[in-house]
Amino acid sequence: MRKSNFALRLQPSRLDEARKVAESEGVALNQFINVAVAEKLSALRTAHYFEERAARADIPKALDILKRAGQGNPPVAGDRLDD
């Protein structure tokens with residue numbers, strides 16, 4: 001794995017808080033920042049994935065499927081959520 005150096009400028013209050021959290025988690029500040037960046041990238045990728053999926057959605061078809069759900073299949077004893 002290739003590593004790079006990057007000068008990161010943080011507001012002093014954010015840096016202090018990041019140091020405190022990293023220390024409480026028992027990790028180095030560098031590791032804490034790496035994990036935080038990875039989590040943010042993952043959240044952004046996930047949001048983008050769902051945006052792309054939503055753009056391909058066929059809403060009328062989905063609503064039709066939902067209307068038919070359960071028809072011809074009466075609930076079986078014990079299947080109710082409010083039991």
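This is a short tour of a predicted model, going from a surface patch to a pocket, a salt bridge and two long-range pairs.

**Stop 1: the nonpolar patch**

Start by selecting Phe6, Leu8 and Leu10. Together they make a nonpolar patch on the surface, with about 330 Å² of accessible area between them. Now keep just Phe6 highlighted: you'll find this residue in the segment before helix H1, which covers 12-25. Is Phe6 buried or exposed? Its relative accessibility is 70%, and the cut-off for exposed is over 50%, so Phe6 counts as exposed.

**Stop 2: the largest pocket**

Stay with Phe6 and Leu8, since both also help line the largest pocket. To see the rest of the lining, add Met1, Arg2, Lys3, Ser4 and Asn5, then pick up Asn30, Gln31, Ile33, Asn34 and Val37. The volume of this pocket comes to about 520 Å³. Try colouring the lining by residue class: you should get 5 nonpolar, 5 polar and 2 charged residues.

**Stop 3: the salt bridge**

Next, jump to helix H3, residues 59-68, and show the side chains of Arg68 and Asp64. How many salt bridges does the structure hold? The count is 1, and you're looking at it: the Arg68 and Asp64 side chains meet at 3.4 Å, N to O. As a reminder, side chains of opposite charge can pair when their charged atoms come close. The two residues sit 4 apart in H3, about one turn of the helix.

Switch on a surface here if you like. Arg68 has a relative accessible area of 47%, so this residue is classed as partly exposed. Asp64 is partly exposed too, at 37%.

**Stop 4: Pro60, still in H3**

While you're in helix H3, click on Pro60. With 60% relative accessibility, Pro60 counts as exposed. Now draw a distance line from the C-alpha of Pro60 to the C-alpha of Ser24: how far apart are they in space? The line should read 51 Å, for a pair separated by 36 residues in sequence.

**Stop 5: Ala69 and back across the model**

Finish with Ala69, which is in the segment after H3. Ala69 has a relative accessibility of 53%, so it goes in the exposed class. For a last distance line, connect the C-alpha atoms of Ala69 and Ala7: these residues are 56 Å apart in space and 62 residues apart in sequence.

Terms used:
Residues are numbered from 1 along each chain as its sequence is written. This is a predicted model: local features need pLDDT of at least 70, side-chain atom pairs count only at pLDDT 80 or more; totals for chains, interfaces and linings use all residues. Side-chain values use heavy atoms; hydrogens and water are left out. Patches are made of residues with over 30% relative accessible area and no salt bridge: like charges are joined within 9 Å, nonpolar side chains (Val, Leu, Ile, Met, Phe, Trp, Tyr) within 5 Å. Accessible areas come from the Shrake-Rupley method with a 1.4 Å probe; for residues, only the protein chains shown count as cover. A salt bridge is a side-chain nitrogen of Lys or Arg within 4 Å of a carboxyl oxygen of Asp or Glu. Buried means under 20% relative accessible area, exposed over 50%, partly exposed in between (1.4 Å probe, protein chains only). On a 1 Å grid over the protein atoms alone, a cavity is a set of points where a 1.4 Å probe fits but cannot get out, and a pocket is an open set with protein on both sides within 12 Å along at least five of seven lines; lining residues have an atom within 4 Å of a point. Grid points are joined across faces, edges and corners, and a volume is the space filled by probe spheres set on the points. Ala, Val, Leu, Ile, Met, Phe, Trp, Tyr, Cys and Pro count as nonpolar, Asp, Glu, Lys and Arg as charged, and the others, Gly among them, as polar.
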